[in-house]
Amino acid sequence: MKQQMTTMTAVRLGLGILGIAGVAFGAYSLLAHLGPTALFGLAAWLAAAVLLHDGVLVPLTTVAGHGVRRMGGNLQPLSRNLIRGALMMGAVLTLVVVPLLAAQQRNGNPPINNTVLQGNYGSALAILWGILAFATAASVSAVEHYARGVKRQISRS
């Protein structure tokens, strides 16, 4: 008894084949265009990224998430999730910017590589955190205000 392939199965199969082809092309391109030194540097960078993620980012965001849950006990679940999301976004962007700040300090002023190390990353990061804090506070305030209004409506009924 043969089963016919559904449209969704065909789409998934096609996307899987496309993904495998993309990975194979990427691996081929790496091996064909990078020398052994560059490949070793890339492997070291990837290993450092995994260590940074698992050793710094995950523990910090886990602790922050528990702190938000404990301190925000009276907040709506959506508000707590907005705060967690903002903290996660800020943490990831900070991890992206810190190596650029370090490279700027190492290369002096003006930087050796003007195409990559241009701009004031420290100020930009501070502004980003400010915007993130403002947007999160406004969103949490709106969610909590709406939730109070809904509770009043229910209690009047």
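Let's start at L132, which sits in helix α4, residues 121–156. Keep in mind that this is a predicted model.

Is L132 buried or exposed? L132 counts as buried, because its relative accessibility is 12% and the cut-off for buried is under 20%. Now look across from L132. The C-alpha atoms of L132 and A86 are separated by 6.4 Å. Along the chain, these two residues are 46 apart.

So where is A86? A86 lies in helix α3. A86 is buried too, with 9% relative accessibility. That gives us a pair: A86 in α3, and L132 in α4.

Step along to A133. A133 is also in helix α4. Is A133 buried, exposed or partly exposed? A133 counts as partly exposed, because its relative accessibility is 46%, and partly exposed runs between 20% and 50%. From A133 to L87 the C-alpha separation is 9.0 Å. Those two are 46 residues apart along the chain.

One more stop on α3. That is the place of G90. What is its relative accessible area? For G90 the value is 0%, so G90 is buried. Its partner here is L128. G90 and L128 are 7.8 Å apart in space, C-alpha to C-alpha. In sequence they are 38 residues apart.

Let's zoom out to the whole chain. How many helices and strands does the protein chain have? There are 4 helices and 0 strands. Read along the sequence, the pattern is α-α-α-α. The protein chain has 157 residues, and buried ones make up 14% of them. We have met some of those already: L132 is buried, A86 is buried, and G90 is buried.

Next, the largest pocket. Its volume is about 260 Å³. Which elements give two or more residues to its lining? They are α2, residues 36–71, and α3, residues 77–107. Helix α2 gives the most, with 6 residues.

Who is in that lining? Find W45, A48, A49, L52, H53 and L57 in your view. Then add V92, L95, V96 and P99. By class, the lining has 9 nonpolar residues and 1 polar residue. There are no charged residues in it. The polar one is H53, because His is not on the nonpolar or the charged list. Note that α3 turns up again here: it contributes to the pocket lining, and it also holds A86 and G90.

Last stop, the surface. Which residues make the nonpolar surface patch of about 410 Å²? The patch is made by M8, V11, L15 and L18. Take L18 as our example. L18 lies in helix α1, residues 7–33. Is L18 buried or exposed? L18 is exposed, because its relative accessible area is 59% and exposed means over 50%.

Let me recap with three residues. G90 has a relative accessible area of 0% and is buried. A133, at 46%, is partly exposed. L18, at 59%, is exposed.

And by helix: α1 holds L18 of the nonpolar patch. Helix α2 gives the most residues to the lining of the largest pocket. Helix α3 holds A86, and α4 holds L132, with 6.4 Å between their C-alpha atoms.

Methods
Residues numbered from 1 in each chain as written. Predicted model: local features only at pLDDT ≥ 70, side-chain atom pairs only at ≥ 80, totals over all residues. Heavy atoms only, no water. 1 Å grid on protein atoms, 1.4 Å probe; cavity = no way out; pocket = protein on both sides within 12 Å on 5 of 7 lines; lining within 4 Å. Points joined across faces, edges and corners; volume = space filled by probe spheres on them. Patch = residues over 30% accessible without salt bridge, like charges linked within 9 Å, V, L, I, M, F, W, Y side chains within 5 Å. Areas by Shrake-Rupley, 256 points an atom, 1.4 Å probe, with all protein chains shown as cover. Salt bridge = Lys/Arg side-chain N within 4 Å of Asp/Glu carboxyl O. Buried < 20%, exposed > 50% of the residue type's maximum accessible area, 1.4 Å probe, protein only.
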